[in-house]
Amino acid sequence: MTTTHTGGAGRVLVLNSGSSSLKYQLLDMRERVRLATGLVERIGEETSRLVHTPSAGGGGPRERTGRIADHEQALKAAAEELAADGLGLDSPELVAIGHRVVHGGLKFSEPTVITDEVLAEIERLVPVAPLHNPANITGIRTAQALRPDLPQVAVFDTAFHTTMPEHAARYAIDVETADAHRIRRYGFHGTSHAYVSRRTAELLGRPVADVNVIVLHLGNGASASAVAGGRCVETSMGLTPLEGLVMGTRSGDIDPAVTFHLKRVAGMSVDEIDVLLNKKSGLVGLCGDNDMREIRRRVDEGDDRAALAFDIYVHRLKKYIGAYSAVLGRVDAVVFTAGVGENAAPVREAALAGLEGFGLAVDADLNAVRSGEPRLISPADARVAVAVVPTDEELEIAGQTFALVHN
């Protein structure tokens, strides 16, 4: 493991590079405070837009528009905004750049200083993450060019799930074929599941090693995990982020033969089926909306399609809560996180309704409270705690990055 002595410095820049976007956050890990956040979107278009928000002392968000040709220009523009706040990337306070990398396969089970060999392996994983890893690689190379003297650290979405036992990670297909093409359950949202499961143990006042948690990360993308003593033993997403829960635009679990049927009967190409299942399914496919707030508004107005979409979404959640309760044997907490999980009280209530036999219940008054803080929403005498824990993937990435380079 490579380490770098950082002395009293402690700033970490976190980058999350998409195909046409760049999200960034600058954090001071000595104080565990966020110094600035930003988003560059529509990179490569005439309508590119950068929104930069200093956390303190710099006023409100600042916006600039106009073509930003590529990720190099995007990062330079972000650096200019940071410098305007006295947070320039040339500062000796900056000790590392942490990159969210979606797919690390089986090779990367922990944060890793990026070398040529590491970057080559991330590139080799592109076939199993064609939408994500290329953009992550672009972000890494851009940052390396800007600050070649700094350690660049990859923090992998899949890493937290590498502790799954083989019987959970393997699909029941021919072993030689699976191994030749790296086909297995990898899981995603790992930084969120790691952060939230650890924060849940803190909320309960118990050591991580003593707590079994079901984590429900419910955003536009959604995933569940079963975490036993801080180690993931099962997760809902698989080879790709398509498997598992009903999501905003993804179908989640589906009979694989549906794809054969669509090709043979509907004459759809593989690419068309890919778009259907990833971008035109889930909530948007069921009712035309993928915003849970809008769906709930429609449900309250008596919209049957929205009500069915909501019921299907909740039914899938219940199936996973029940299944993961069986996998864990003992559940100490069920925890909701991410945009829907943190903010949609009706989803939390509906997902646990009827599960009193599992020791699960929601206190209606506690569930209705809106807060940015971790909190319990179960009755005081509940056998299993139910919690809402806001996720912070950037803080998790920064923390893992700082721990790796700081000595």
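Start with the largest cavity, which holds about 30 Å³ of space. This is a predicted model, where local features need pLDDT of at least 70 and side-chain atom pairs count only at pLDDT 80 or more, while totals for chains, interfaces and linings use all residues. Residues are numbered from 1 along each chain as its sequence is written, and side-chain values use heavy atoms, with hydrogens and water left out.

**The cavity**

Select Gly219, Asn220, Met247, Gly248, Leu283, Asn290, Met292, Tyr313 and Val340: these line the largest cavity. A cavity here is a set of points, on a 1 Å grid over the protein atoms alone, where a 1.4 Å probe fits but cannot get out; a pocket is an open set with protein on both sides within 12 Å along at least five of seven lines, and lining residues have an atom within 4 Å of a point. Grid points are joined across faces, edges and corners, and the volume is the space filled by probe spheres set on the points. How many cavities of 30 Å³ or more are there? The count comes to one.

Colour that lining by type and you get five nonpolar residues, four polar and no charged. (Ala, Val, Leu, Ile, Met, Phe, Trp, Tyr, Cys and Pro count as nonpolar, Asp, Glu, Lys and Arg as charged, and the others, Gly among them, as polar.)

**The second largest pocket**

Met292 lines the cavity, so keep it selected and add Asp291, Arg293, Asn343 and Ala344. Of the 15 residues that line the second largest pocket, those five are the closest to its centre, and the pocket has a volume of about 350 Å³. Which helix gives the largest share of the lining? That is α10, with four residues. Show α10 (292-300), α12 (338-343) and α13 (345-352) together, since each supplies at least two residues of this lining. Helices (H or I, at least four residues) and strands (E, at least two) are DSSP runs, numbered from the N terminus. By type, the lining of this pocket divides into five nonpolar, five polar and five charged residues.

**Strand β14 and its partners**

Now go to β14 (residues 385-388). Ala385 and Ala387 point one way from the strand, Val386 and Val388 point the other way, and all are buried. (Buried means under 20% relative accessible area, exposed over 50%, and partly exposed in between, with a 1.4 Å probe and protein chains only.) Strand β12 (residues 333-337) runs parallel to β14 and is joined to it by four bridges. Strand β13 (residues 375-376) runs antiparallel to β14, with two bridges. Two strands pair if DSSP finds at least two bridges between them. Click on alanine 387 to see both partners: valine 335 stands opposite it, and so does leucine 376.

**The eight-stranded sheet**

Next, show the open sheet, whose eight strands come in the order β5-β4-β3-β2-β1-β6-β8-β7 with mixed pairing. β5 (62-65) and β7 (112-113) are at the edges with a single partner strand each, so one side of each has no neighbour in the sheet. Zoom in on β3 (residues 33-41) and β4 (residues 49-54), which pair in the antiparallel sense over six bridges. Leucine 39 in this pair stands opposite valine 51 in β4.

**Two helices with two faces**

Look at helix α2 (residues 116-124) and pick out its buried residues, Val118, Leu119, Glu121 and Ile122. They cover an arc of only 160° around the axis, which puts them on the same side of α2; the arc is that of the directions from the helix axis to the C-beta atoms. Turn to the face away from that buried side and you find the exposed residues Asp116 and Glu117.

Helix α8 (residues 270-279) is the next stop, with Ile273, Leu277 and Asn278 buried. Their arc is only 115° around the axis, which places them on the same side of α8. Asp271 and Lys279 are exposed on the other side.

**Loops worth a click**

Arginine 32 is in the loop between β2 (21-28) and β3. Its phi is near 55°, a positive value in a residue other than glycine. Arginine 182 also has a positive phi, of about 55°, although it is not a glycine. Find arginine 182 in the loop between α5 (175-180) and α6 (190-204); it is partly exposed, with a relative accessible area of 32%.

Glutamate 93 is in the loop between α1 (71-84) and β6 (94-101). Is glutamate 93 buried or partly exposed? It is partly exposed, at 25% relative accessible area. Draw a distance from its C-alpha atom to that of valine 126: the two are 33 residues apart along the chain and separated by 34 Å.

**Last stop: cysteines**

Select cysteine 232, which counts as buried at 0% relative accessibility, and then cysteine 287, also buried, with a relative accessible area of 4%. How many disulfides does the structure hold? It holds zero, a disulfide being a pair of cysteine sulfur atoms within 2.5 Å.
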